[in-house]
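Welcome! Please open the model in your viewer and keep the sequence at hand for a short walk.

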Amino acid sequence: MGKLINKIIFLINSIVAFALLLSYLLPYVSPKTFPLLSVLSLTVPVFIVINLIFLVYWIILLNKRLILSLVVLILGFSHVSSLYKLGGKSSESEDALTLLSYNVRSFNRYGWIASKSIPKDISEFVKEEGVDIFCAQEYHTKPGLDFSQYPYKFEDFNNDNGELALVIFSKYPIINKGSFGFKKTANNIIFSDIVVKKDTIRVYNAHLQSHKIGAITNGLADEDSQKLLKRIQVSFEKQQGQAEMLIKHMHTSPYKNVVMGDFNNTAYSYVYNKIKSEGLQDAFKEAGSGFGKTFEFDLFPLRIDFILVPEDFEVLAFKNFDLELSDHYPIFSRVRL
């Protein structure tokens with residue numbers, strides 16, 4: 001009986017291992033070509049965790065079947081390290097530049113969180129961190145906000161109601177700025193050329209197409225699965241177009257590019273891979289630790305917010321803040337140009 005149960009378990013193990021192996025191709029598959037396949041990028045963390053569970057199960061039984069999940073996980077080591085990082089590092093430097101990205105969810109405009117002090121709390125958090133450059137997504141003007149520590153700011157409202165914005169705050173002079181001005185969406189990308197001491201860098205604040213999926217899975221269960229799937233496919237296709245616009249714009253930059261923001265997609269996705277392939281490194285993978293969760297989702301930890309810096313920058317530190325003032329968590333990095 002035990003042998004039969006193990007055969008059934010190994011069959012399930014094989015299916016999940018194959019699904020994880022298939023997911024390794026997702027960063028190279030265009031959503032516009034195979035939109036349904038690209039949706040799998042959201043489920044990669046689940047496949048990784050399940051394969052780890054199978055691996056532990058076979059190790060406990062001292063069964064050679066452990067080789068299947070072990071080999072698949074080793075082959076996708078970069079995928080595993082995108083989900084969870086051991087160790088991490090943090091070091092200081094006099095010539096370091098500090099960066100912060102945070103989707104502030106319009107400072108709790110509709111009372112999603114039972115607190116009236118969210119604008120003040122976020123303002124105080126940013127002030128305490130004292131970062132040099134702060135990129136905010138879903139920014140909304142609210143009483144209690146105070147970012148007066150930043151003498152330079154580029155704020156762009158890009159939607160029909162003019163209520164949500166992308167903002168780049170800087171302690172260093174902004175000498176040029178611009179907006180991509182995406183049409184028929186509240187999502188957008190903006191950029192600023194910032195003079196940092198003797199260098200000038202171009203900072204992009206990106207908020208790629210949203211899926212409009214809530215953090216709580218009960219809401220997903222109530223929604224028609226076909227409609228939900230179709231909406232995610234459409235948003236992935238839009239993200240690809242937005243990422244292509246960003247890459248084309250980066251090619252015209254006379255400076256080193258830094259990309260921060262909410263990608264609304266994971267590190268296993270086509271858009272992340274395409275953007276990162278433009279000579280950038282993921283600050284979390286260089287210096288982060290733990291799951292690196294940036295979005296509150298009750299099924300599994302989601303990392304959809306990123307700080308990508310040039311490969312010749314030294315990443316001195318990276319940190320995720322467990323700060324429940326939005327449905328996203330702020331991310332911080334210290335780099336040396």
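The tour goes from a helix to its aromatic neighbours and ends at a strand.

This is a predicted model, where local features need pLDDT of at least 70, side-chain atom pairs count only at pLDDT 80 or more, and totals for chains, interfaces and linings use all residues. Residues are numbered from 1 along each chain as its sequence is written, and side-chain values use heavy atoms, leaving out hydrogens and water.

**Stop 1.** Select residues 44–60, helix α3 (helices are DSSP runs of H or I, at least four residues, and strands of E, at least two, numbered from the N terminus). Its buried residues include F47, F54 and W58 (buried means under 20% relative accessible area, exposed over 50%, partly exposed in between, with a 1.4 Å probe and protein chains only). Among the elements covering the buried residues of α3 are α1, α4 and α5 (contact means heavy atoms within 4.5 Å).

**Stop 2.** Now add R65 and F10: the charged end of R65 sits over the ring of F10, 5.4 Å from its centre (this requires NZ of Lys or CZ of Arg within 6 Å of the ring centre and within 35 degrees of the ring normal). For a second example, show R105, which lies over the face of W112 at 4.0 Å from the ring centre.

**Stop 3.** Finish with β8, residues 256–262, where six of the seven residues are buried. Seven bridges join β7 to β8 in parallel (strands pair if DSSP finds at least two bridges between them), and A206 stands opposite G261. With β10, strand β8 pairs in the antiparallel sense over four bridges; look for M260 and its bridge partner I307.

Definitions and conventions. The expected span of a helix is 1.5 Å times one less than its number of residues.
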